[in-house]
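The following paragraphs lead the reader through a protein chain, from its overall make-up to its sheets, helices and individual residues. Please keep the sequence and the model in view while reading.

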Amino acid sequence: MLLGLQLAVAIALSLVDSYRRRGKKPKPFPVSPPETVPVGAGLITTYTFGRDLYDDMLAAIDGAKKQILFETYIWKGDEIGWKFKSALAAAAARGVDVHCIYDGFANVVVSPAFKRFPASLKVMRYPIWNAGLRFWDLRRYGRNHRKMLVVDEEVAFLGGYNIGSAYATEWRDTHVRITGPGVWDMKRAFADFWNLNRRRRLTRSERPLLLETASDWDPQIRIHRNIPRQWNFPIRSMYLEAINRSSRNVWLTTAYFLPDQDFVDALADAARRGVDVRILLPLKSNHIVADWISRGYYGQLLAAGVRILRFKDAMVHAKTATIDGSWATVGTANIDRLSLQGNYEINLEVIDPDFAAVMEKVFRTDETNCLELTLDEWQARDLNRKFTESFLAPLRPLL
């Protein structure tokens, strides 16, 4: 009964927040222009503004000659969504092999008309319910939260941006464009997901996507993939290892902050040993319940010396971190249980001082639009807020 009441409160908060947001537009926020640095045998370009990213993604699709692998969590049926759909269809019409994946649950409110694709496109809708009759199998409950594009084995895009008009100008997110050996790892990530989920019980199964062997490795770049079906979640381990090795700074940006206690302890321990630990997250995200629940961690983090920076006037949706001027990650995984121990996710890990410098520059730019939460301010919050945070705390394992 208590759990039902907690869920009811969470739903009520979400409905009230949705009503309050109607018609409101985010304010302008500072962004960093696209910046390219060489890493290993390739290049990495960092994007912090959706319109810049979409222009380059569409240009890559328009220039494709052999193959396009496109995957997104949300694919809105708006102006930007139609631009991508039209560009992919045009590529297929000129003979390019085009594969697309989108998540059924994330797009349940998108018009069915938009989700009707030309036969020339090979499209996989990751099902809303993937467990079938095996409802007890927790490995089959993860959503496909990945966002990536691979073109002709020459260029790949990866990061937090979904596809939609609002994300082009109203959300602060981070994506990267890579060239070099890392592109093949991205292609393999797409193909492995496609082949793992291509079979259907009631409709025709998709044809397998075949791969050749990679020609070389790049020791400075690694692609990490969470694969719930295989109970494989390396992104959390990647973060914990890097945080535990930190000696100078840990600057982390996340849209939703709902970690497990081990993750919180790693950040607090780093701060106690003198590491400059900063967490940048939205002042108000698009999921108010996640905001309320995440606040339960603030007290112990602030007491340990962690700085909490809240991005104002717009939704920051980036999933990035940079550590000690040499390590950085950009990807699709938030710092929450769904991303780190539940969903299909993909993150790029880069060990390179030039790329880390770019990520530090991006972080400093975002800081200029933040309000810092102090320990005194946190301890002085009213009883109503303290009660709501405590009441909703048991929902943490669900998020």
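Helices and strands are here DSSP runs, numbered from the N terminus, with at least four residues for a helix (H or I) and at least two for a strand (E). The model is a predicted one. By that assignment the protein chain holds 13 helices and 20 strands. Of its 399 residues, 56% are buried. Among contacts between residues at least 6 apart in sequence, 79% join residues at least 24 apart.

An unreviewed UniProt entry lists residues 140-167 and 312-339 under "domain: PLD phosphodiesterase". Over residues 312-339 the chain is 46% strand and 11% helix, and the C-alpha atoms at the two ends are 24 Å apart.

One open sheet is built from eight strands in the order β1-β2-β9-β7-β6-β3-β4-β5, and its pairing is mixed. At its edges stand β1 (35-39) and β5 (122-126), each of which pairs on one side only. Neighbouring strands in this sheet are turned by 15° against each other on average, with direction ignored. Within it, strand β2 (residues 42-47) runs antiparallel to strand β9 (residues 175-178), and four bridges join the two. Tyr-47 stands opposite His-175 of β9. Helix α11 (residues 353-367) lies across β1, β2 and β9, and runs at about 155° to β1.

Several strands of this sheet also contribute to the largest nonpolar core, which has 41 residues. The residues with the most contacts inside this core are Tyr-54, Ile-68, Phe-70, Trp-75 and Phe-84. At least two core residues come from each of α2 (50-62), β3 (67-72), α3 (79-93), β4 (97-103), β6 (148-151), β7 (155-159) and α4 (165-169). Trp-75 illustrates how such a residue is surrounded: leaving aside residues up to four places away in sequence, Trp-75 touches, among others, Phe-70, Phe-84, Leu-88, Tyr-102, Val-110, Phe-114, Phe-117 and Ile-163.

A further open sheet has eight strands in the order β10-β19-β17-β16-β11-β13-β14-β20, again with mixed pairing. Its edges are formed by β10 (221-226) and β20 (370-373); each has a single partner strand, so one side of each is left without a neighbour in the sheet. On average, neighbouring strands here are turned by 15° against each other, direction ignored. Helix α5 (residues 182-197) packs on this sheet, where the helix touches β10 and β19 (345-351) and its direction makes about 15° with that of β10. With 16 residues, α5 reaches 23 Å from its first C-alpha to its last, close to the 22 Å expected at 1.5 Å a residue. The buried residues of α5 include Trp-184, Met-186, Phe-190, Phe-193 and Trp-194, and among them are also Lys-187 and Asn-197.

What, then, surrounds β19, and how is this strand paired? Six of the seven residues of β19 are buried, so this strand is largely enclosed by the rest of the structure. Strand β10 runs antiparallel to β19 and is joined to it by six bridges, while β17 and β19 pair in the antiparallel sense over five bridges. Glu-349 of β19 takes part in both pairings: Arg-222 stands opposite Glu-349, and Glu-349 is also the bridge partner of Thr-329.

Elsewhere in the sheet, strands β13 (residues 276-282) and β14 (residues 307-311) run parallel and are joined by five bridges. Arg-278 stands opposite Arg-307 in β14. At the edge, strand β20 contains Leu-371, a residue that is partly exposed, with a relative accessible area of 37%. Not counting residues up to four places away in sequence, Leu-371 touches Leu-283, Ile-308, Leu-309, Arg-310 and Lys-312. Leu-371 and Lys-312 are 59 residues apart in sequence, yet their C-alpha atoms are 7.0 Å apart in space.

Two loops merit a closer look at the backbone. Most residues other than glycine have a negative phi. Trp-231 has a positive phi near 55° and lies in the loop between β10 and α6 (234-245). Asp-324, not a glycine either, has a positive phi of about 60°, and its place is in the loop between β16 (320-323) and β17 (327-331).

Definitions and conventions
Residues numbered from 1 in each chain as written. Predicted model: local features only at pLDDT ≥ 70, side-chain atom pairs only at ≥ 80, totals over all residues. Heavy atoms only, no water. UniProt positions renumbered as here; feature names shortened; annotations may be inferred. Pairing = 2+ DSSP bridges. Axes fitted to C-alpha atoms, helices over the stretch in contact; angles between N-to-C directions. Contact = heavy atoms within 4.5 Å. Core = buried A, V, L, I, M, F, W, Y, C linked by side-chain atoms within 4.5 Å. Buried < 20%, exposed > 50% of the residue type's maximum accessible area, 1.4 Å probe, protein only. Expected span 1.5 Å × (residues − 1).
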